[in-house]
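Take a look at the fold below. The report that follows covers surface, fold, an annotated region, ring pairs, charge pairs and cysteines.

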Amino acid sequence: MTMNRSGGGARARARQAMQAQVAEIVMDLVLERGYEETTVEDICAAAEISRSTFFRYFPSKEAALFGASADAGERLLEALVGRPEGETAWVAMRRALDPLIEQYAAHDERVRRLTRLVVTTPVLAASHREKNGRWQELLRPEIARRLGSDPEDASDPAAGAVIAAALGCVEATLIAWTSSDHEQELGKILDRAMGAVGT
C-alpha cells in the first residue's frame with residue numbers, strides 16, 4: 001500500500017512538472033506571437049511532445065495557458081469565509097481579494113503582459129467573464145449569509161450585485177494596471193475602484 005501511494009505521488013509530481021513546463025512554453029509563445037496565432041501544433045513542436053500527449057495534460061490551449069489559476073475561485077472563497085464576522089460583505093470581499101492581487105503583483109512583467117493580452121483578446125476576455133460567472137455562483141452563499149439574505153432566493157439580487165460589482169472592480173483594476181507603462185500598485189488601484197462603488 002505504501003509503495004502504491006508513493007508511486008502515485010511520484011506520478012502526480014511528474015505530471016505537475018510536465019504541466020508547468022508546457023505552461024511556461026505556452027506563455028512564451030503566446031506573448032511572442034499572440035494567442036490566436038499560437039497553435040497547439042506550435043506548442044507541441046516547442047515542447048517536443050505529441051498532440052496526444054498535450055491533450056493528455058490539457059483539454060485545450062486556453063487551459064494550458066491558465067491552468068495554474070484554475071483553483072483561484074476556491075482560494076478566494078476560502079479567504080472570504082475566513083474574514084471576520086464584523087466586516088460588511090463589501091469589505092470582506094475586498095480583503096478576500098488581497099491574496100489574488102498579491103499573486104498578480106508578485107509575478108514578473110510577463111504576467112502583466114499576459115493580463116493585457118487577456119483584456120484585449122476577445123476570446124480570452126469572454127473566457128474571463130465566464131470564469132467570473134462561475135465565481136459568482138461559488139461566492140454567493142457566503143455573501144448572502146453576510147447580508148442576511150437567502151442564497152436560494154433567486155428573486156433577491158443583493159448577493160449577486162455585491163459579487164458582480166466587486167469582480168467588475170477587479171476587471172477595471174487589471175485594465176488600468178495594464179494600460180500604463182509606469183508602475184502602479186495593484187492593491188491601491190483596486191482600493192480606488194472599489195471605493196468608487198461603495199462601502
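## Surface and extent

The accessible surface of the protein chain comes to about 11200 Å². Carbon and sulfur atoms account for 55% of that surface. The model is predicted. Its C-alpha atoms fill a box of roughly 55 × 50 × 30 Å, taken along the principal axes.

The protein chain has 199 residues, and buried residues make up 39% of them. Contacts between residues at least 6 apart in sequence can be split by separation. Of these, 62% join residues at least 24 apart.

## Fold

The protein chain has 11 helices and 0 strands. Read from the N terminus, the order of elements is α-α-α-α-α-α-α-α-α-α-α.

Three of these helices come up below. H2 covers residues 40-47, and H3 covers residues 51-57. H9 covers residues 122-147.

## The annotated region

An unreviewed UniProt entry lists residues 39-58 as "DNA-binding region". The annotation may be inferred rather than shown by experiment. In the model, residues 39-58 are 75% helix and 0% strand. The end C-alpha atoms of this stretch are 14 Å apart.

Where does Glu48 sit? Glu48 is found in the loop between H2 and H3. Its phi is near 60°, a positive value in a residue other than glycine. Glu48 is exposed, with a relative accessible area of 72%.

## A charge pair between H2 and H3

Glu41 and Arg51 form a salt bridge. Their closest N and O atoms are 2.4 Å apart. Glu41 lies in helix H2 and Arg51 in helix H3, so the salt bridge ties together parts that are 10 residues apart in sequence.

Are the two partners buried, exposed or partly exposed? Glu41 is partly exposed, at 43% relative accessible area. Arg51 also counts as partly exposed, at 41% relative accessibility.

## Aromatic cluster

How many aromatic pairs does the count give? The count comes to 2 aromatic pairs. Phe54 and Phe55 form an edge-to-face pair. Their ring centres are 5.1 Å apart, with 90° between the planes. Phe54 and Phe58 also pair, with centres 5.6 Å apart. Their planes stand at 40°, so this pair is tilted.

Phe54, Phe55 and Phe58 form one aromatic cluster. Phe54 and Phe58 are both buried. For Phe54 the relative accessible area is 0%. Phe55 counts as partly exposed, at 36% relative accessibility.

## Other salt bridges

Side chains of opposite charge can pair when their charged atoms come close. How many salt bridges does the structure hold? The structure holds 10 salt bridges.

One of them joins the side chains of Asp98 and Arg94, at 2.7 Å from N to O. Arg94 is buried, with a relative accessible area of 7%.

Another joins Arg146 and Glu142, at 3.0 Å from N to O. Both residues lie in helix H9. They are 4 residues apart, about one turn of the helix. Arg146 is buried, and Glu142 is buried too. Which residues are joined into one network by salt bridges that share partners? They are Glu85, Glu142, Arg145 and Arg146.

## Cysteines

The count of disulfides comes to 0. A disulfide would need a pair of cysteine sulfur atoms within 2.5 Å. Cys44 counts as buried, at 5% relative accessibility. Cys169 is buried as well, with a relative accessible area of 5%. Both values fall under the 20% cut-off, so both residues count as buried.

## Recap by residue

Residues 39-58 carry the UniProt label "DNA-binding region", from an unreviewed entry. The Glu41 to Arg51 salt bridge links helix H2 with helix H3. Glu48 lies in the loop between those two helices. Phe54, Phe55 and Phe58 make up one aromatic cluster.

In helix H9, Arg146 and Glu142 sit about one turn apart. Their salt bridge belongs to a network with Glu85 and Arg145.

Notes
Residues numbered from 1 in each chain as written. Predicted model: local features only at pLDDT ≥ 70, side-chain atom pairs only at ≥ 80, totals over all residues. Heavy atoms only, no water. Salt bridge = Lys/Arg side-chain N within 4 Å of Asp/Glu carboxyl O. Buried < 20%, exposed > 50% of the residue type's maximum accessible area, 1.4 Å probe, protein only. Contact = heavy atoms within 4.5 Å. Areas by Shrake-Rupley, 256 points an atom, 1.4 Å probe, with all protein chains shown as cover. Phe/Tyr/Trp six-rings, centres within 6.5 Å; stacked < 30°, edge-to-face > 60°.
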